Structure formats: structure tokens, C-alpha cells
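Please open the structure in your viewer and keep the selection panel at hand. We will go from one selection to the next, pausing at each to see what is there.

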Amino acid sequence: MKRNQILTIGSIVLLFLFIGYANGHLNAYYIRILNNTAIFLMFAASYNLINGVTGQFSLEPNGFAAIGAYTAAILTLTPAQKEAMFIITPMVPWLQHIHMSFFPALIVAGIVTAMVGFILGFPVFRVRGDYLAIVTLGFGLTIRVVSNNTMSITNGPLGLKGIANYTNLWWSWGFAIAAMIVIMRLINSEFGRAMKAIRDDEDAAIAMGINTFKIKMIAFVTSAFFEGIAGGLLAHLITTISPTLFTFFLTFNLLIIIVIGGLGSMTGTAIATVLVVWGSEWLRIVEQPMHIFSLTIPGIPGMRMVIFSILLIIIMIFAREGIMGQKEFSWDSLFKLFKTKKVANK
Amino acid sequence: MKKLLNILAVMIAALMFMSTGSFAKEVKVGVVWPMTGPIASFGQMAWKGAQIAQAMAPKTKDGATIKLILLDNKGDKVETANAVSRLITKNHVKAIIGAIASGNTLAAAPIAEKNHIPLLSSSATNPLVTKGKEYVSRVCFIDPFQGTVAAKYAINNLHAKTAAIVVDIAQDYSVGLAKFFVESFKKMGGKIVAKTFVQTGDQDFSAQISAIKAKNPDLIYMPTYYQEAALFARQARQFGLNQVIMGGDGLESDALLKVGGKAVEGVTFTTHYDPKATASKVGKEFLKKFKAKYKVDPDAMAALGADAYLVMVNAINRAGGSNASSEAINKAIRSTKNFHGITGVLTLVNGDAVKSAVVRKVKDGKFVYVTTVNP
Amino acid sequence: MNLTIVLQQLFNGLALGSLYGLIAIGYTMVYGVIRLINFAHGDIMMVGTYVAILSGSALFLPWWAAFIFTILATALVGVLIDKVAYKPLRNASRISSLITAIGVSFFLENLFLVIFGGVPKAFPVPAVFSGVLHEGGVILPVISIFVPLVALVFLAILMYILRNTKYGIAMRALSLDMETTRLMGANVDAIISFVFAIGSALAAAGGIFWALKYPSINPLMGIMPGLKAFAAAVLGGIGSVPGAALGGFIIGIIEVLAVAIFPPLAGYKDAFAFLLLIFVLLFKPTGIMGEDLERGRF
């Protein structure tokens, strides 16, 4: 037990050492991709908590990301910036004058998103299965429609511009690791076991006396909290946000990640995030003309999304478990793997 | 697994080999335009224009080839930021041309500013794009000017006293342009009698049309993109709403004519370019070459794409040629003065181009030249 | 607001609603039988419109032949999608099928984006459908009269198939208990293929009439109508064919009337269907005409 904890802490320390190195030595492009990886990890892990661990298939992360991004951005923008930006309809005064530094703004973004999740939970958890998926999909869409229309809060389609570029590797990875630790601990707690019970058989869970509504709500609100923060980090990475950023496309990307990683596995999610984020950059080569010796193959713009959707279908048909299934990576299994190999070598 | 790794290693090696390329002298310029996604048609036209312009001026004054590296941003902010980052740090470009839409250009701006790489947009017309920026410029005019030109034309040439506004609330372009039109139109004594809202992707406008019809305005100002305008016009004509529809440069697309058919006859809009208004030598050469290669007339996007390229080459030359630093190129871009481009004579002031606008309208299923309005 | 305008708006809503209804019927058929939200249904509709354009321009078919060809070809596409993507998952969890359906939806959208580009294409409207009638101040575009009629005709045909034919009875049996139906000797796979064929044919018909009314098509055009049609199907009681048609009418009329009465609400139009959906699920989860999910269907 102790050995495993030391190993986990050790690898986290190693990760941060790498980030320290990356900050000074890697070029801006790689740093951007590393930031994207951390933010997507946070989104995907939170999304997997409700979809994979609790088994409540929902499609709302783009809505939560939007709420978090807008909240954080509105809080860190200076009153002067806001005044200059809201050229069509002036901002409501109490929002215009509010101003915060980055860290508290992110926390508030998380809390606001969690509160929306809490309120949303009441209607949506009255339905199960596919209905839940459609209702949450509708929520994501509604948030986008609302952010387009509430001009005095969100600046409508003009979006928010000139958001300070606060997000760096320390912030993004710091929050991503913190989110992973909290979510993993939650999964291994009494609540986590109840979540898995609901996933495996909701009626049986009810019969066992589990308050399924409460447990689902805990998962949903936790998920909303971290997705809100991740949205805030995203806003401060790309520095300009508008409603078009938070379409169903974002949710689709996260869905691919958690399906590849394994619905219900956090470590699987981590592996899949790296694969998808880096893979999607790497796949740019299929969209650009390629010169292999004297042969020129024209690039096919848009091909990346075709490849990803085919990948999703193939995984669902042939490898529904994804990389890790519902299992988690553990040091024990790793050592076991080495041991059996050694035995086999002898 | 080992086999897979081997294949991977070979591929990576091949990629690296490919990227080292030739030894001839070249200046790398990045291009970030939407080749896919909702505004792909604009990016594709701009790219065609830029390629013709490149054929016209392929080298710097000291004989180095200009190498354009095109990345697709899908019309998306995150993709634009990634692409610009990639161009700067992986491709080591000296300068970047892009993007088409204002929102995407704004997403790219902080990266350009931070790395001191000039970013030259072909068609981002929102005033905020260059505000407070040192490295972001553009070769197009800005929306307040376009709105004023439209209002002037509506009052002086169409003799409109009242107007109905149709705004696409999902496009910052539309919301901004409508605001500037309304301001000028009111200042010149016009009256706005109806203001209705649509959203990108809407296909049914019967409710809005009935509302406008009840107010019977002299003119409908609809600064949306072509798709909504084409369907709107069709339905408006069916419902007997026959007033002139005016709009901005977003209407200029072949799809407006094809989808709108007879209903878009008379639709009038402000834009950047008309082949007929071309007087300069370089403009005529461009027109000839473009028609020869693509069999159609270039549109505003193509002309602006070409201008972005030509202003860029001109700036590189004035900054000293192939060895010029990004800083020097940026300075040269921003001090462009009386440059004879495809879309007219450009002077850049604080990164914004000051130049004339063109009014065009649909006649017999074609866009025709109406007039030129100077700043 | 006077009576003419009210009538005009009601008529506009009816025309839009019957399009939603037409698409919703296909949705509800597939859901009723195999309990799969065919997320790609709206995209199949989009495929139909492209097939229609191509069969006109590449095969030089007259418009009526092109429409029939389109409906048949799209039905085949639907059957193929089921065979390739959904059939292997028949015994997996419903969530797995739903994820696959989302994958199919994105695949179709992006494949068509790659092939045809994002630029909207004009849909040629035959002269028969482009006229306008005036009736007591109310303006009736011919196509808007056609659409509700066509929706009702399709509804009648479908009801007949379901109630009176062997296939229809087998479908209803299947929707209750797939295994028992199999044991009773029915060819379950063939029936499901038939369901997909009918569902996709209806989507294609919906697509054609959609494009005749709004003659600008693009690869993403199916998303919104698809989602709203699904909301319509749930509103009417998912699994109920007449319910789906009714749900479509209601959503169409609400969308048009709300914007007509409160113009500033126009921006929120796309959210109406979903707010209605949430409302229905909260207070009457079985929808208007839906029966208890454990009992009969259609």
C-alpha cells in the first residue's frame, strides 16, 4: 500500500518536473498542445465520472464549459475592458464593475457551474437512459442559445475578447491533477461504490437502499464543478470566447476520449486524452498535401473528423471496453505484469 | 508492437526528411484560412486569389521565393490559435496572412503580438480586430465605414426614408454592421420602423417577414451572410414583400444567386471589389489571370486575399527583402501608403486600411457594378 | 394583430410543423421497434436531399422520377447503416448503440463536408411547387399546402401497413418482445431492416419537401430538424406514429407563433422545442398519445 502511494506521488512529482522543464525549453506550439491536453483531461475525467462511473449517459459538457468560461472571463476582465467591448448593449452594471484575480475567478466559475448543475439535476434525473441524453443535449444547446441572446451579460455573438492569457502549464496541469485526485478519491469512497452500483443495476441499487438521486447528484455536481473550472482555463488560454465555441462538437470530442479510454476508467481517460489531443494534431498531415519522394498526394481538408467518427463507430462495435474498460491502472498490476514476464522468461 | 514502432519511426524520419526540403532561398509566410467548416467558401476564394497574386509576384526583390504555408482553421477559434502557434514555432514563418472572420483573427492576435509576428487579415472588418494591437493589420475597410456607405446609398440613391433591419444575432459581423447602419441612417434623417432577429442556420422566416410587412418600410437592411439572405428573399417575395433588400459584403457569394434565383434580383450590397471598378494595371492583370485559371470572375474575398499577399510582398521588399526581420516587415506593412492593389488604393492607418467601397447589386442573375464610394 | 395575420401565421406554423412531423414519424418508428434513438436520422434526411440533387443533375431524371429514386436509394442507405453500425450492437447496452448513432451522425456530416464542401447548394424547385395562392388576404405558397397533405398521406399509408399487413403486425410484436417474436418464427432481422427502410424513406421524403420549401442544402442541414423532430416524437409519445405527427405540428406552430407574437424571442427559437421536451418529460413522460411504455405501441 505504502509503496504504491510513494510511486504515485513520485510520478506526479516527475510530471511537474517535466512541466518545469517544458516551460523553459519547449516551443510555444508544444506548450499550447500540453495546455490543451490538461484542459481536455479535466473535461474528460469529469465527464467520465457521470457517464462512465455512474452510468448516466448525458451530453451536457459543452453547456457547463460555456458557463465556466463566461463566468471566469467576466470576472477577470477589467471594468474598462468590459465597457469598451459591450458596444451593442451595455453590460449590466453590477457585472461590469466586478473584478477578480485569476484563481478566485476560476473557483467562482466552478461554483457557479456546480450550482447550475445542481438546479439542472432536479429535472434531468427524473428521466433515465436515452431520455437523459436528449434532455442534457437540449440543455447544452439552450445554453448556447441563451449566451447568444443575453447581450447585456455575455455580449451575445460578439463574445468576450482580450481575456488575459493567464492559463499556463502550472495552472492547467495543477488543476488537472487536482481534479484527477479528487475524482479518484471520490470513486474509491463509499459514494463511488454507490455510483458504480447505480451504473451496474439501478433497480438493484434502489432495492439496496441507496438514495440514487442523491448519488447521481453528487456525481453531476462534481462533474459540473470541474468542467466549469476547465472552461475558465480554456477561456484564459485562447483569450477570446463566443457562443460558437461551445457547440456539441466539444462534447463529441470528449465522448470520443472517454469511449477510447474506457467508460468508467479515469486512467484510461488520461491515456485517451493524450492520444486524441496529440493524434488530432498529428492527423493534420492527412489534410495537407504530402510529398513522398516525387509523388504528391493532395490533402483532404476535413478528413480528420471523418477519421475520428469512423474510429468511434469501430471502437463501439469491436472494442466496446476501450483501452482500460472499467478498470483502473494500478501499480500492483504493473508489477504483476513484470513478474509473470520474468517467470515466463525463465 | 515492435513492428508498429518501426513503422512509426520510418514515418517520422520521412516527415523530417520532407520538411528539410530544398536549399533555394525562400521567405516563409503562413496563411490561416478556413478551408472547411461553415465559412469555407470564403477561405477557398481567398486562397485562389492569393495563389494568382503569388503567380504575379512570386519572388522578393532579392530573388528569394515566397513560400506560402496554408493551414485550415475550420472557421474555429481554437483551431485558429493552434494553427498560428504551429506556423510560428514549427514552420518559423516570418509573417502570417489570416484569418477571414473577425472572431478568428482576434483569437490569433495575442499569439502574433506575443511572438512579434505580423498578422495581416484579408477580410476581418470588425473594428476591434486591430484595436490596441501592434502586430495586427488588415487590407479591408472596417464595418463602421461599410455601415455608413450603405446608409448614404439608401438615403441618397434609393431615397429610402424608413427601413426594417434584419439582424443575425449569432454573427458578431451582422450585429456590428446593423448597429453602424442604424446610427448613420438615423443621423441622416431616416427612421427604423422594424427590427427583427434571425439566427445563422434559420430557414423559416415567415414570422419575421409578416412582422416587417405590417410596417411597410421603404427598404430592408439585412447584413447577414448569403445563405440566410437568399432564403429570406425567396420567402419575402412569396409573401409579397417586394422592397429592396440591402446588405453587406457577407452577401457576395455565388450561392446567393443560385439559391435565391429570381427572388434576389435587385438585392444591393456594399463590398470591397468589383472587376468593373478596376482601373490599375495590377488589377487588370489579376482579373485576366484569375479568369484564365478559374473561368469565373474573382469576388471580393479573392481580391482581398490577393491584396493581402501583395501588401505583404511589398512590405517584405521595403523592409529589405528576404533577410528582413518580422519586426521590420510589420513596420513596413503598417506604413503602407497609396499602395495600388486589386481592390483599390490602400493606405494603412493604425493597421486599418483606408480605401473606397463598392456598391453592387444583382441584375439578371449576376452581380453588377453600381458605384464606388470614397472614404 | 388581426385575424388575417393570425391565420397566416397559423398556416406558416402548420407548414413547418408538418415537415417536423414527417421526420418525427421515421424517428418514432425506429425507436418504437428497437429502442434506439437514431441520432443520424436528421443526417439521413440530409443525405436524401443530396441524392435528389445528384439524381437530377447526374442521372438526368425528371423531378418526379428523381424523387422516387431518392426515396428508394435513401431507404437503402438506412438499411446499410443499420447492418454495418447498429446490428452488431443489437444485444449490447442501449447506450452503446446511442454512442454509435452519434458516431454515424458525425460521420455522415463530415463525409459530406469533405465531398461537397460547406457551401450551400441550391435545390432546384420544379415549377409545380413554386406558385403562390392568395386566399382572403392570406398568402399560401403552393409548397406549404403540399407539405401537410403529403404528411397526412404518408401517415395514412403507414398506419395501414402497421395495422393491416403481416409486416406491420410483426413490427408491433417485435417492439414488445424481440426474443418471443424470434421464437415464433418471424425473421427479426428482415423486419428491422424493413423498419429502417421505412424510417429512412420517410426521412428522404421529409428532406425533399424540406428542400423544396427551403431550397438551400448543406451537409449540416439535418442537425436542427433532426433534434426538433425527436422532441416532437417524444412530445407525441415516443413510439406512437400519429403522436409523432401531432408533436411535429405542435412544435412547428409554437415556433412560428411565439416569434410572431413576441418578436424579440426569435433568438430563442431553437430552444423552444427542448424546453417543451423537458416540460413534457417532467409532467407526462409518456407524451400526449404515448401509452405506458410497457404496453402496446403504434
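Before the first selection, one term is needed: a residue is called buried if 20 or more other C-beta atoms lie within 10 Å of its own. Keep in mind, too, that this is a predicted model.

Select chain A to begin, and you will find that its secondary structure comes to 16 helices and two strands. Its radius of gyration is 21 Å, close to the 20 Å that the globule rule gives for 346 residues, so chain A is as compact as a globular protein of that length. Turning it in the viewer, you can follow a C-alpha trace that spans about 75 × 70 × 40 Å along its principal axes, and of the 346 residues in this chain, 49% are buried.

Now add chain C to the selection and look at where it meets chain A, since here 31 residues of chain A are in contact with 31 residues of chain C. On the chain A side, two or more residues come from each of α7 (129-149), α13 (248-261) and α15 (303-318), and α7(A) has the largest share, with 12 residues. Coloured by class, this side of chain A shows 21 nonpolar, seven polar and three charged residues.

Finally, hide chain A and select chain B together with chain C, whose contact takes 27 residues from chain B and 25 residues from chain C. Among the elements of chain B that each supply at least two residues to this side are α2 (40-56) and β7 (191-198), while α7(B) gives the most, with five residues. The residues on this side of chain B divide into 12 nonpolar, 13 polar and two charged.

Notes:
Residues are numbered from 1 along each chain as its sequence is written. Chains are lettered from A and ligands numbered from 1 in the order in which they are written. This is a predicted model: local features need pLDDT of at least 70, side-chain atom pairs count only at pLDDT 80 or more; totals for chains, interfaces and linings use all residues. Two residues are in contact if their C-beta atoms, placed from the backbone, lie within 7 Å. Helices (H or I, at least four residues) and strands (E, at least two) are DSSP runs, numbered from the N terminus. Ala, Val, Leu, Ile, Met, Phe, Trp, Tyr, Cys and Pro count as nonpolar, Asp, Glu, Lys and Arg as charged, and the others, Gly among them, as polar. The radius of gyration is taken over C-alpha atoms; the globule rule is 2.2 Å times the number of residues to the power 0.38. A residue is buried if 20 or more other C-beta atoms lie within 10 Å of its own, exposed if 12 or fewer, and partly exposed in between; C-beta atoms are placed from the backbone.
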